[in-house]
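Here's a quick tour of one protein model, written for someone who would rather be at the bench. Have the sequence and the 3D view open as you read.

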Amino acid sequence: TLFPYTTLFRSPLAGNTVAMCFFLCPDVTGIGPHNFTMPCIPVRHGDYAGQFVPYLYTSTDASLACYREGQGWPAVFGQTEIKEADGRIRARVTRDGREIIRVAATVGGDSINSLDFLPIILYKEIPSFDGKTCDDAYLLTSTSLLTNLDFKAGTGELDFPCPGDETIARLKPTKIISALYGTLDDLYPETIRVLK
């Protein structure tokens with residue numbers, strides 16, 4: 001199923017809103033330069049509101065190991081590209097020679113210097129050696145400290161031109177609410193803890 005953990009979460013927001021996030025990270029302590037893309041789905045676990053990340057595409061061995069093995073992000077290799085010229089944005093994610101995600105946006109107007117950003121909620125499962133049972137499974141949450149935000153808003157389009165068997169294509173939007181483009185600094189993780 002698209003969301004195998006629906007019994008763990010219930011959506012806190014009406015409208016099934018998903019944020020698709022594309023990042024170029026030129027300077028990251030410990031991991032090094034990399035890029036990544038992920039959808040963020042607003043959910044609740046009990047009284048705790050956050051964003052569930054069901055898939056993450058990242059570009060280097062170091063970032064894959066840190067995201068997936070270290071914290072439990074559902075990460076695989078993929079290359080994120082972002083190009084901007086005069087407020088027109090082009091982005092795409094490629095994997096195994098296929099263009100999985102394609103984005104076009106136009107942004108402008110006043111700068112946006114703050115965003116409401118819910119904590120990330122991850123589901124980490126460690127399978128048993130037999131491959132049939134589970135040694136451990138838990139929900140992990142982390143919060144980032146976002147500073148020096150400089151974004152512009154506008155309109156955009158998102159498509160999955162050649163997803164193959166990539167399950168992320170099942171998140172194809174029925175409507176694009178807004179597009180944001182800009183820069184920020186991220187102290188990650190500012191906090192991290194086990195929810196359950």
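What follows covers one strand with its partners, and then the salt bridges.

Keep in mind that this is a predicted model.

**Strand β2 and its neighbours**

Let's start with β2, which spans residues 34–45. Eleven of its twelve residues are buried, so the rest of the structure largely encloses this strand.

Who pairs with β2? Strand β1 (residues 19–25) runs antiparallel to β2, and seven bridges join the two. If you want a spot to click on, cysteine 21 has methionine 38 of β2 as its bridge partner.

Strand β3 (residues 48–52) is antiparallel to β2 as well, with five bridges between them. Here, arginine 44 is matched with alanine 49 in β3. β2 and β3 form a hairpin with two residues between the strands, and glycine 46 in that hairpin has a positive phi near 65 degrees.

Then there's strand β4 (residues 56–58), which pairs with β2 in the antiparallel sense over two bridges. In this pairing, phenylalanine 36 sits opposite threonine 58 of β4.

**Salt bridges**

How many salt bridges does the structure hold? The count is seven. Three of them, including their N to O distances, are listed here.

| Side chains | Distance, N to O |
|---|---|
| Arginine 92 and glutamate 81 | 3.0 Å |
| Glutamate 166 and arginine 95 | 3.0 Å |
| Arginine 98 and glutamate 166 | 3.6 Å |

Take the salt bridge between arginine 92 and glutamate 81. Arginine 92 belongs to strand β7 (residues 88–95) and glutamate 81 to strand β6 (residues 79–85), eleven residues apart. Arginine 92 counts as partly exposed because its relative accessibility is 31%, and glutamate 81 gets that label too, at 29%. Both also belong to a network of salt bridges that links Glu81, Arg92, Glu99 and Arg102.

Now look at glutamate 166, which meets arginine 95 in a salt bridge. Glutamate 166 lies in the loop between β10 (134–159) and β11 (179–194), while arginine 95 is in β7, so this pair ties together parts that are 71 residues apart in sequence. Both residues are buried.

Glutamate 166 also forms a salt bridge with arginine 98. Arginine 98 is in strand β8 (residues 98–112), so here the loop is tied to a part 68 residues away in sequence.

Why does glutamate 166 count as buried? Its relative accessibility is 13%, and the cut-off for buried is under 20%.

Methods. Residues numbered from 1 in each chain as written. Predicted model: local features only at pLDDT ≥ 70, side-chain atom pairs only at ≥ 80, totals over all residues. Heavy atoms only, no water. Buried < 20%, exposed > 50% of the residue type's maximum accessible area, 1.4 Å probe, protein only. Helix = DSSP H or I, 4+ residues; strand = E, 2+ residues; numbered from the N terminus. Pairing = 2+ DSSP bridges. Salt bridge = Lys/Arg side-chain N within 4 Å of Asp/Glu carboxyl O.
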